[in-house]
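Colleague: I would like to go through how the strands are assigned and paired here, with the criteria stated alongside the values.

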Amino acid sequence: MKMRWITDIEADRQLCLHCRKLHPLTVRVCDRCGEPVHQRIPHSIPVTWSLTVAAIIFLVPANLLPMMIVKSIAGEDAGTIMDGVIYFLEHGEAGIGIVIFTASIFVPFFKLTVLFYLLLIVHFGWRRRALFGLKLYRIIHFIGKWSMLDIFVVALMVGIVQFKNLATIVTGPAAIAFMLAVLMTMFATEHFDPRLMFDKEISKKPETKQHEGIDHG
C-alpha cells in the first residue's frame, strides 16, 4: 500500500519539538509551551558530525586504558574492557561478561556506525534509504538510555567483590573516557534531525517520482 505524507516544509509549517504543536513559519516561540520553534534543529549536521568524531576519539582510550584494576592475593591486574569481559567469563560470570561486552563494545560501535550512516544519507541524499535510516535512528535513540549500563555493572561488581573479601576492584581511567564517549553519542543522537534525510527527497520530488517511484510507507 502506497502512502504519501506532507512534511512541514511542504505545508509551510514548523513543528514545536517540545509539545508537538504545528505553527506557521512566522512563529518563533511556541504559544503552548513557550519553547523556541525551528523548522529543523539548528546546526544539526555540523554538531552531529563534531560530537560523533569526539565520541570516536574518546573510545580509543576507553578501549586501550584499564577499565578495571583487580587487586587480590595473587597481585594486581589492570585490564581493558575486553580484559574485563574475559575475566568475568573465566570466573563463571558469563552473564556479566556478556552484559559488559554488549554495553561497552557492541552498542557504542553500533551507535557510531548508525550515526555515520545517517549523516551519509543526508550528505549524499540517499533518499531511498531514508526510511531505513529512520528505523535505525529510533533504535539508537531507544538504546541511548542504557548506554551507561557498563559503568553501573562495574560499580556493582566493585561493591560485590569487596563485600566478599575475595579481591578488590577499582575503576580505571578508561571509565572516564568511556563515559565521555557515551555522552558524546547521546548528544549526537539528540542533535541529529532525522527529517533532514527526507528533505533531500522533497527538494528533488519531481525527479524522484519520475525515476524512482518512491514508496512512502
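What follows is a short exchange about the sheet and its strands.

Modeller: This is a predicted model, in which local features need pLDDT of at least 70, side-chain atom pairs count only at pLDDT 80 or more, and totals for chains, interfaces and linings use all residues. Residues are numbered from 1 along each chain as its sequence is written, and side-chain values use heavy atoms, with hydrogens and water left out.

Colleague: What makes β3 and β4 a pair?

Modeller: Two strands pair if DSSP finds at least two bridges between them, a strand being a DSSP run of E of at least two residues, numbered from the N terminus. Strand β3 (residues 68-72) is joined to β4 by 5 bridges, and the two run antiparallel, so the criterion of at least two bridges is met. M68 stands opposite G79 in β4, while S72 stands opposite G75, and the two strands form a hairpin with 2 residues between them.

Colleague: How do you know that β3 and β5 pair?

Modeller: They pair in the antiparallel sense over 4 bridges, which therefore satisfies the requirement of at least two; K71 stands opposite T168 in β5.

Colleague: Why are β4 and β5 called edge strands?

Modeller: The open sheet of 3 strands has the order β4-β3-β5, with antiparallel pairing. Both β4 (75-79) and β5 (168-171) pair on one side only.
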